[in-house]
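This report describes the architecture, the packing and the surface of one protein chain. The sequence and the structure are shown first, and the account then proceeds from a single residue to the chain as a whole.

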Amino acid sequence: MTVCFSLPDYTDTSAEWLSLYESPEVQDIPKEVARLWKQLRPLYLQLHAYVRRKLYLKYGGSVVDPRKGIPAHLLGSMWGQIWDNLLNISQPFPDTPSPNVTEALKQQVIILILRATSCVSSSNFE
């Protein structure tokens, strides 16, 4: 048996993609993205400036202009989206050990399991 179905009519590919994220809370996704970007942009600019300054201090003004963007070839990928290799020069407090969150996560998992068990027990599931 062959099952056929038709997709809703979309004006373009972006409309189809955005339909995957539709929710009652968000009616206009591009508007919501713009709102969120407006909130996030100051942090992004500060982080960008911080990393650019660290790169400037390491490579000098002939490689990194402190008033312009970060040269993509310093970021470790052709498109500049991976910044992992910058951690060694941009970590704010390099001599401070990272916090170990393993125990806290274990406690949260235990609490979650206990709550789930209690919920199942109180629902008379067997």
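## Tyrosine 44 and the nonpolar surface patch

Tyrosine 44 has a relative accessible area of 40% and is therefore partly exposed. The structure is a predicted model, and within it tyrosine 44 belongs to helix α2, which covers residues 29-59.

Tyr44 is one of the members of a nonpolar patch on the surface, the others being Trp37, Leu40, Leu43, Leu45 and Leu47. Together these residues present about 570 Å² of accessible area.

## Overall architecture

The secondary structure consists of four helices and zero strands. Read from the N terminus, the order of elements is α-α-α-α. Of the 126 residues in the protein, 12% are buried.

Among contacts between residues at least 6 apart in sequence, 23% join residues at least 24 apart. The protein exposes about 11,300 Å², and carbon and sulfur atoms supply 60% of that area.

## The largest nonpolar core

Which residues make up the largest nonpolar core? Seven residues do so: Val51, Leu55, Val64, Ile70, Leu74, Leu75 and Leu86.

Leucine 74, a member of this core, has contacts with Leu55, Tyr59, Val63, Val64, Asn85 and Leu86 when neighbours within four places in sequence are left aside. Of these partners, Leu55, Val64 and Leu86 also belong to the core.

## Histidine 48 in helix α2

Helix α2 also contains histidine 48. Is histidine 48 buried or exposed? Its relative accessibility is 13%, and because buried means under 20%, histidine 48 counts as buried.

Residues up to four places away in sequence aside, histidine 48 touches Gly69, Ile70 and Trp83. Isoleucine 70, which is part of the largest nonpolar core, is 22 residues from histidine 48 in sequence, yet the two C-alpha atoms are 8.0 Å apart in space.

## Asparagine 85 and serine 90

Asparagine 85 is located in the loop between α2 and α3, the latter helix spanning 87-90. With a relative accessible area of 41%, asparagine 85 is partly exposed. Beyond its neighbours within four places in sequence, asparagine 85 is in contact with Leu74, Leu75 and Gly76. Two of these partners, Leu74 and Leu75, are core residues. The C-alpha atoms of asparagine 85 and leucine 74 are separated by 8.9 Å, with their positions 11 residues apart along the chain taken as the sequence separation.

Serine 90 lies in helix α3. Its relative accessibility of 12% falls under the 20% limit, so serine 90 counts as buried. A polar atom of the serine 90 side chain is 2.7 Å from the backbone oxygen of leucine 86, and leucine 86 is itself a member of the largest nonpolar core. Not counting residues up to four places away in sequence, serine 90 touches Tyr50, Val51 and Lys54. Val51, one of these partners, belongs to the core as well.

## Salt bridges

How many salt bridges does a search of the whole structure find? The search finds three. In one of them, the side chains of glutamate 32 and arginine 35 meet with an N to O distance of 2.6 Å. Both residues lie in helix α2, three residues apart, which is about one turn of the helix. Glutamate 32 is partly exposed, at a relative accessible area of 23%, and arginine 35 is likewise partly exposed, at 40%.

Another salt bridge joins glutamate 103 and lysine 106 through their side chains, at 3.5 Å from N to O. These two residues are also three apart, about one turn of the helix, and both lie in helix α4, residues 102-122. Lysine 106 has a relative accessible area of 45% and is partly exposed.

The salt bridge between arginine 67 and aspartate 65 has its closest N and O atoms 3.5 Å apart. Arginine 67 has a relative accessible area of 70%, and since exposed means over 50%, arginine 67 is classed as exposed.

Conventions
Residues numbered from 1 in each chain as written. Predicted model: local features only at pLDDT ≥ 70, side-chain atom pairs only at ≥ 80, totals over all residues. Heavy atoms only, no water. Patch = residues over 30% accessible without salt bridge, like charges linked within 9 Å, V, L, I, M, F, W, Y side chains within 5 Å. Areas by Shrake-Rupley, 256 points an atom, 1.4 Å probe, with all protein chains shown as cover. Salt bridge = Lys/Arg side-chain N within 4 Å of Asp/Glu carboxyl O. Buried < 20%, exposed > 50% of the residue type's maximum accessible area, 1.4 Å probe, protein only. Contact = heavy atoms within 4.5 Å. Core = buried A, V, L, I, M, F, W, Y, C linked by side-chain atoms within 4.5 Å. Polar contact = N/O pair within 3.5 Å; in protein donor to acceptor, adjacent residues only side chain to side chain.
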